[in-house]
Amino acid sequence: MERNIIHMDLDSFFVSVECLRNSKLKGKAIAIGGTGDRGVIASCSYEARKFGVRSAMPVKLAKQLCPQLMVISGDMEQYSKYSQLVTEVIKDSSPLFEKSSIDEFYIDASGMDKYFGCFKWGSELRQRIITETGLPISFGLSVNKMVSKVATGIAKPNNSRHVERGTEKAFLAPLPITKIPMIGSKTASLLTSMGIDRVGTLREMPIDLLQNLLGKNGIELWRRANAIDDTPVVPFSERKSISTENTFSQDTIDIKMLKSLMCYMVEEIAFKLRSEQKMASSITVKIRYSNFDTLTKQSQISYTSSDNVLIPKALELFDKLYDKRMLIRLIGVRLSNLVHGNHQISLFNDTEEAINLCQAMDLIKNKYGFDKINRAVGAGLDSKLKPDTSELTRLRYTKQ
């Protein structure tokens, strides 16, 4: 069966939600992000982008580029709500779809061309999303996920693009290399310095040269420049969870230690989410007392994989649970309602320094191991109290 993959992406999602809530914002240069000068931009309107404002840009610089810029602190609860509305519309119509982030979806429409015509079907679904949610959305259709994603970017804002079968290479060839997913500013600068600034030029480069230059990423870049992408659409499921528990060799009532261990466990599980490009919208804390009474408390949260959100919430739930003043035998934490997606700059009080610190810590953990760098509250734990393979139900994915 010939593949037909649709990529759908909500246009300037956070901004679009704010415009729905306040129609006076439409057509204005606005940005969502930290309201202080040390904050960063999470999203911005197309009117602001004309001045050079971009996501991940410090608010101070954005205001210099666009003096009339209106910065809104943002409301992740509302954004998660609208994301769910769009998800339900797609779920109701699509045989197989993947939610790759809070505002981005892939749909496998293979086989539907026999009955409807995939582009016609995608156009009707897009119009239904616009009608039922009020949010603008763009989509691209091609034979694979990568080309469809690029096509969506070309179609924006609020439009669609069909890359006909067999025309993928011709479609990609004249585009700047930065249009290829996974090419960041550093890689782009390196390639441009070699005279490679268009996808067509990148496609003609010897694969061995790119491999020597960029390692495994060089091979993948060559494949993408040649419109090769066999990545499947991963079926969407909100029922998956990741959990961890620690059973103590001796029951304890040391609350300071318990909270430190809870922080350490959440830090570990959040790092696991980010490593696998997932986010959660539900957190559950579990306590088992020495008499084997087991209590749990759950809270719904906005999609995140951030320690800064998850750790305070876990401690809040622990405080609500622990009321018997009895010895504790076990504590655990579970993150559920998982979706694919990278942690976005959606913590609107984050500073550029905080974001850079988090990224640097993850880089060290990925390279040298999780325990090589931790938050002080968890790093101070006695090594005997830290979860190990004999005491810890290791990070695992389950069905609720």
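The lining of the second largest pocket in this predicted model divides into eight nonpolar, six polar and four charged residues. The pocket itself has a volume of about 300 Å³, and of the 18 residues that line it, V15, S16, C19, Y46 and P136 are the closest to its centre. Helix α1 provides the largest share of this lining, with four residues, while α1 and α2 (46-49) each supply at least two.

Helix α1, which spans residues 13-21, is a convenient element to follow from the pocket into the rest of the fold. Two packed helices are described by the angle between their axes and the distance between the axes. For α1 and helix α4, the latter formed by residues 76-93, the angle is about 95 degrees and the axes lie 10 Å apart. An angle of 65 to 115 degrees counts as roughly perpendicular, and α1 and α4 are therefore roughly perpendicular to each other. On the α1 side the contact is made by F13, F14, V17, E18, L20 and R21, and on the α4 side by M76, Q78, Y79, Y82 and S83. Sorted by class, the residues of this contact are seven nonpolar, two polar and two charged.

The strands of the model include an open sheet of three, arranged in the order β3-β2-β4 with mixed pairing. Its edges are occupied by β3 (41-44) and β4 (70-72), each of which pairs on one side only, and the twist from one strand to the next averages 30 degrees. Strand β2, residues 30-33, pairs with β3 in the antiparallel sense over three bridges, and the bridge partner of G33 in β3 is I41. Helix α1 packs on this sheet as well, where it touches β2, β3 and β4, and its direction makes about 110 degrees with that of β2. Helix α1 thus has a place in the lining of the second largest pocket, in the contact with α4 and in the packing on the three-stranded sheet.

A further open sheet is formed by five strands in the order β5-β6-β1-β7-β8, again with mixed pairing. Here β5 (97-101) and β8 (160-162) stand at the edges with a single partner strand each, so one side of each is left without a neighbour in the sheet. Neighbouring strands of the five-stranded sheet are turned by 15 degrees against each other on average, when direction is ignored. Within the sheet, strand β1 (residues 5-10) and strand β7 (residues 137-142) pair in the antiparallel sense over six bridges, and M8 has F139 as its bridge partner in β7. Helix α4, already met as the partner of α1, packs on this sheet and touches β1, β5 and β6 (104-108), with its direction at about 160 degrees to that of β5. Helix α5, residues 118-133, lies across β1, β6, β7 and β8 and runs at about 165 degrees to β7.

Two details of the backbone deserve separate attention. Most residues other than glycine have a negative phi, and most peptide bonds are trans. Against that background, K156 and P157 are joined by a cis peptide bond, with omega about 0 degrees, and P157 is placed in the loop between α6 (145-155) and β8, the latter being one of the edge strands of the five-stranded sheet. Further along the chain, M182 has a phi near 90 degrees, a positive value in a residue other than glycine; M182 sits in the loop between α7 (168-172) and α8 (185-193).

Terms used:
Residues are numbered from 1 along each chain as its sequence is written. This is a predicted model: local features need pLDDT of at least 70, side-chain atom pairs count only at pLDDT 80 or more; totals for chains, interfaces and linings use all residues. Side-chain values use heavy atoms; hydrogens and water are left out. Axes are lines fitted to C-alpha atoms, for helices over the stretch in contact, and angles run from 0 to 180 degrees between N-to-C directions. Angles under 35 degrees count as roughly parallel, over 145 as roughly antiparallel, 65 to 115 as roughly perpendicular and the rest as oblique. Contact means heavy atoms within 4.5 Å. Ala, Val, Leu, Ile, Met, Phe, Trp, Tyr, Cys and Pro count as nonpolar, Asp, Glu, Lys and Arg as charged, and the others, Gly among them, as polar. On a 1 Å grid over the protein atoms alone, a cavity is a set of points where a 1.4 Å probe fits but cannot get out, and a pocket is an open set with protein on both sides within 12 Å along at least five of seven lines; lining residues have an atom within 4 Å of a point. Grid points are joined across faces, edges and corners, and a volume is the space filled by probe spheres set on the points. Two strands pair if DSSP finds at least two bridges between them.
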